[in-house]
Amino acid sequence: MFRASRCRRLRLPPGSLGLPFVGETLQLIAAYKTENPEPFIDERVNRYGPIFTTHVFGEPTVFSADPETNRFILQNEGKLFECSYPGSISNLLGKHSLLLMKGSLHKRMHSLTMSFANSSIIRDHLLVDIDRLVLLNMDSWTDRIFLMEEAKKITFELTVKQLMSFDPGEWSESLRKEYVLVIEGFFTVPLPIFSTTYRRAIKARTKVAEALGLIVRQRRAEYERGETRNDMLGALLAGDDNFSDEEIVDFLVALLVAGYETTPTIMTLAVKFLTETPSALAQLKEEHEGIRAKKSETEALQWSDYKSMPFTQCVVNETLRVANIISGVFRRAMTDIHIKGYTIPKGWRVFASFRAVHLDHEHFKDARSFNPWRWQNNSGTNSSPGNVFTPFGGGPRLCPGYELARVELAVFLHHLVTRFSWVPAEEDKLVFFPTTRTQKRYPIIVQRRNLS
């Protein structure tokens, strides 16, 4: 009662809390299950402005479609805002995951994760594995494939290799299938009695934890015998934090989610957008055929090749901008926060929407069209790109794998356009709930090209 009257005295951002208990959650989900979720935010921005109040996933939430406010939220992580995600995500990732860590521990673990995915590590160690695993997967393609499935196999195998030094096999494939069920439970009611999807996800999460726990115990025994490996698990076992097996498993679970869900979607949507924009596909092919012409058929890509793909980088940027694999981030106000003439009360959740900014015509000309050429002058935006282009978030929680994702996509596109031609097998649509994906996993009919 006291909190309600206190909130009435504060100048909250305008908006509607919707129905009792459910708020506007059903409208949000309904919008994001369509090919065009924009009206949910557009209508509220038009009515209330770029910062508005709503009530979603069980809590009053301030939505920001304003780049300055989003930047303020990202930069003040740990000072004014703290990480906050729906209970279903927290429970499925585990309390020791990087996403949910706070303070100095998060800072150390974020730094460690970035050290395994920075430019020099990719150049000197990971690029050869990326090239090899992409080709290994493509060699198994039949005439008709689901591109999203193949991309997920590639990135999951790469992440397993990077984290635990495992090459692809039955073990990694059975683990991947459990991950499908875990991720399906992310945006559900976190009560097994109400949601069969959540119940299935919890069971799958238990199986994943058991499989990873077994590996952690084996590797710990090896480490104690003096055997070491240069991978993420090796670094976790050798660190000064003395992590328990459960803490390490939670950490690995979350990193495997990152490797499984986001990059393959970017790969798939890049191909979809290019297929629908033939002039962009033609220019991309020309760039990669130029690189391939200087190499033998079996010669792997080098770092210098990756650095000579300017149009590919434009395609990567534009795919990230239009697709918005991460549509935004949830945070919680640690104190009353005054911004743009409004007060966000302590304890309220905020959502910084990257998608709303990326698709705003004020910041990007003809914002809802795929136009990779907009990036050719290194800007692509109508304003400062650092403020309005945030596909990997920002601040202390900048996605640690951002450079790795870009390299994986570039290598994948290189081998795809130089080795195959393709056509869509059937029409497929984008949907955005619970995560961004195509409804039918983007089925295509592929034909191998003669490389000679």
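A residue is called buried here when its relative accessible area is under 20%, and this cut-off will be useful at several stops on the tour. Please keep in mind throughout that the structure is a predicted model.

Begin by selecting Arg176, which has a relative accessible area of 4% and is therefore buried. With its side chain displayed, look for Glu173, with which Arg176 forms a salt bridge whose closest N and O atoms are 2.9 Å apart. These two residues both belong to helix H9 and are 3 residues apart, about one turn of the helix. Now add Glu149 to the selection, since Arg176 forms a salt bridge with this residue too, the closest N and O atoms being 3.6 Å apart. This second pair links distant parts of the chain, with Arg176 in helix H9 (residues 170–184) and Glu149 in helix H8 (residues 147–164), 27 residues apart. Glu149, like Arg176, is buried.

Next, select helix H12, residues 245–275, and look along its length from end to end. At 1.5 Å a residue, its 31 residues should span 45 Å, and because the end C-alpha atoms are 45 Å apart, the model agrees with that expectation. If you then show the rest of the structure around helix H12, you will find it largely enclosed, because 25 of its 31 residues are buried.

Within helix H12, pick out Asp250, which at 3% relative accessibility counts as buried. Which side chain meets that of Asp250 in a salt bridge? Selecting Arg205 shows the partner, at 2.8 Å from N to O. Arg205 lies in helix H10 (residues 196–224) while Asp250 lies in helix H12, so the pair ties together parts that are 45 residues apart in sequence. Arg205, at 12% relative accessibility, also counts as buried.

For a further stop on the same theme, select Asp129, Arg132, Lys161 and Asp167 together, which are joined into one network by salt bridges that share partners. Across the whole model, the count comes to 35 salt bridges.

Finally, select helix H13 (residues 278–293) together with helix H18 (residues 402–419), which pack at an angle of about 90° with their axes 9 Å apart. The two helices, H13 and H18, are therefore roughly perpendicular to each other. To see the contact itself, display the side chains of Leu281, Leu284, Lys285, His288, Glu289, Ile291 and Arg292 on H13, and those of Ala410, Leu413, His414, His415, Val417 and Thr418 on H18. Colouring this contact by residue class will show 6 nonpolar, 4 polar and 3 charged residues.

Key. Residues numbered from 1 in each chain as written. Predicted model: local features only at pLDDT ≥ 70, side-chain atom pairs only at ≥ 80, totals over all residues. Heavy atoms only, no water. Helix = DSSP H or I, 4+ residues; strand = E, 2+ residues; numbered from the N terminus. Expected span 1.5 Å × (residues − 1). Buried < 20%, exposed > 50% of the residue type's maximum accessible area, 1.4 Å probe, protein only. Axes fitted to C-alpha atoms, helices over the stretch in contact; angles between N-to-C directions. Parallel < 35°, antiparallel > 145°, perpendicular 65-115°, else oblique. Contact = heavy atoms within 4.5 Å. Nonpolar A, V, L, I, M, F, W, Y, C, P; charged D, E, K, R; others polar. Salt bridge = Lys/Arg side-chain N within 4 Å of Asp/Glu carboxyl O.
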